[in-house]
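Please open the model in your viewer and keep the selection panel at hand, since the tour below moves from residue to residue.

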Amino acid sequence: MSIRVTHAHGDHIAVTAANGTEILRYVYRPDPAAFESRKPYAHPVRTLAGHTVTGYRPNDHRWHKGLQMTASHLSGQNFWGGNCYVHGQGYLPLPERVGSMRHDGFGEFTVEDDRLAFTEELTWVENGGEEWAREVRGLTVHSVDEEAGAWALDWSIRLTNLRAEPLLFGSPTTEGRELAGYTGLQWRGPRDFTGGTAFAPESDADADKLMGSQGPWLAFTTEHDDIDGHSTLVFAHAPENADAVHESHWFVRSEPIPTVAFSWAFFEEFALPPGESFAYRYRVVFADGAWDREQVAAHLEGLPW
């Protein structure tokens with residue numbers, strides 16, 4: 001299926017499928033709320049049938065915005081947004097610790113009949129204004145398949161330390177909060193994904209048991225409110241992520257909120273030395289219907305990296 005791309009310069013990029021459904025809006029204008037950690041995000045994201053599968057500023061976590069790159073604990077700063085976890089004190093509103101990701105421009109920008117690929121240059125800025133890291137981000141919309149009722153988004157990051165000292169990446173779990181290792185690329189679902197079903201390639205475990213686990217992919221499916229229908233999201237690692245600077249674990253919740261993150265520092269903190277870089281590449285498939293394990297595996301097999 002073909003796509004149409006529109007670019008509202010300084011604001012967002014939108015991708016619309018041939019059936020008229022806007023399936024992706026990538027917003028890069030500066031966020032007005034500094035406490036929510038200003039940074040680009042993808043929302044709304046929709047399936048080909050037009051079902052919205054991202055949440056935006058939910059009342060429980062206003063800093064959750066669709067699909068976004070985050071870092072919950074980075075050398076004492078919070079590039080996730082909102083309250084900061086401090087061991088022994090819980091979550092505290094510490095606005096002086098909340099950093100931001102500044103959009104600096106686009107590099108590659110390629111639009112084909114059925115594919116959009118672009119790179120974005122960003123700078124991670126700590127709360128006092130010091131530039132800590134430079135990021136090259138890649139987004140590719142592809143495999144828009146009307147018959148399968150699905151499309152795919154690839155999201156990559158290459159981050160370079162600009163400081164004269166190591167950048168220390170962690171999470172609430174590395175700070176002492178059990179099974180709260182969220183950081184990295186994070187998806188927040190809309191309210192009707194609450195109570196949805198999460199599953200992995202070789203496990204019948206639910207979201208609670210998959211929390212902190214590892215694997216090549218994880219799927220999350222739900223039945224929508226308002227309409228008679230289901231949606232399935234599939235989160236997948238590129239093969240080279242297994243050799244990345246630090247191993248990843250799944251952060252996944254179905255209750256009380258629906259969310260999934262590719263956590264690069266779930267259980268252990270890691271350091272990125274001055275001048276060095278790390279890279280990860282991910283894929284998210286957005287599908288209509290309640291897919292099972294076999295459908296997910298077969299679809300991913302048909303999407304080469």
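Begin by selecting E22, which counts as buried at 17% relative accessibility; bear in mind throughout that the model is predicted. Next, add R46, whose side chain meets that of E22 in a salt bridge with an N to O distance of 3.9 Å. Because E22 belongs to strand β3 while R46 sits in the loop between β4 and β5 (67-70), this pair ties together parts that are 24 residues apart in sequence. R46 itself is partly exposed, with a relative accessible area of 23%.

Keep E22 on display and add R25, since the side chains of these two residues also form a salt bridge, here at 2.9 Å from N to O. R25 counts as partly exposed, at 26% relative accessibility.

For another link of this kind, select D11 and R29, which form a salt bridge whose closest N and O atoms are 2.9 Å apart. The pair connects distant parts of the chain, for D11 is in the loop between β1 (3-8) and β2 (12-17) and R29 is in the loop between β3 (22-27) and β4 (41-45), 18 residues apart. Both ends are partly exposed, D11 at 23% relative accessibility and R29 with a relative accessible area of 34%. Across the model the count comes to 15 salt bridges.

Now move to D288, in strand β21 (residues 277-288). Which side chain of opposite charge is nearest to D288? It is that of R46, but R46 is 11 Å away, and D288 is buried without a salt bridge. What the side chain of D288 does have is a polar contact of 3.4 Å with the side chain of H51. If you display the surroundings of D288, leaving aside residues up to four places away in sequence, you will find that D288 touches T47, L48, A49, H51, G149, H230 and S231.

Two loop residues deserve a look at their backbone angles. S37, in the loop between β3 and β4, has a positive phi of about 65 degrees although it is not a glycine, and S37 is buried, with a relative accessible area of 1%. R57, in the loop between β4 and β5, likewise is not a glycine and has a positive phi, near 50 degrees; R57 counts as partly exposed at 30% relative accessibility.

Then turn to the peptide bonds that precede two prolines. The bond from H43 to P44 is cis, with omega near -5 degrees, and P44 is placed in strand β4. The bond from E255 to P256 is also cis, with omega near -5 degrees, and P256 is found in the loop between β18 (249-253) and β19 (259-263).

Switch to a cartoon view for the open sheet of three strands, which run in the order β6-β13-β20 with antiparallel pairing. β6 (73-74) and β20 (270-272) stand at the edges with a single partner strand each, so one side of each has no neighbour in the sheet. Two bridges pair β6 with strand β13 (residues 167-170), and H73 has G170 as its bridge partner in β13.

Finish with the nonpolar interior. The largest nonpolar core has 60 residues, and those with the most contacts inside it are W124, W151, F169, F235 and W264. A second, separate core of 13 residues includes W217, V285, W291 and L303.

Definitions and conventions. Residues are numbered from 1 along each chain as its sequence is written. This is a predicted model: local features need pLDDT of at least 70, side-chain atom pairs count only at pLDDT 80 or more; totals for chains, interfaces and linings use all residues. Side-chain values use heavy atoms; hydrogens and water are left out. Helices (H or I, at least four residues) and strands (E, at least two) are DSSP runs, numbered from the N terminus. Buried means under 20% relative accessible area, exposed over 50%, partly exposed in between (1.4 Å probe, protein chains only). Lys and Arg count as positive and Asp and Glu as negative; His and the chain ends are not counted. A salt bridge is a side-chain nitrogen of Lys or Arg within 4 Å of a carboxyl oxygen of Asp or Glu. A polar contact is a pair of N or O atoms within 3.5 Å; within protein, one must be able to donate a hydrogen and the other to accept it, and residues adjacent in sequence count only if both atoms are side-chain atoms. Contact means heavy atoms within 4.5 Å. A nonpolar core is a set of buried Ala, Val, Leu, Ile, Met, Phe, Trp, Tyr and Cys residues joined through side-chain atoms within 4.5 Å. Two strands pair if DSSP finds at least two bridges between them.
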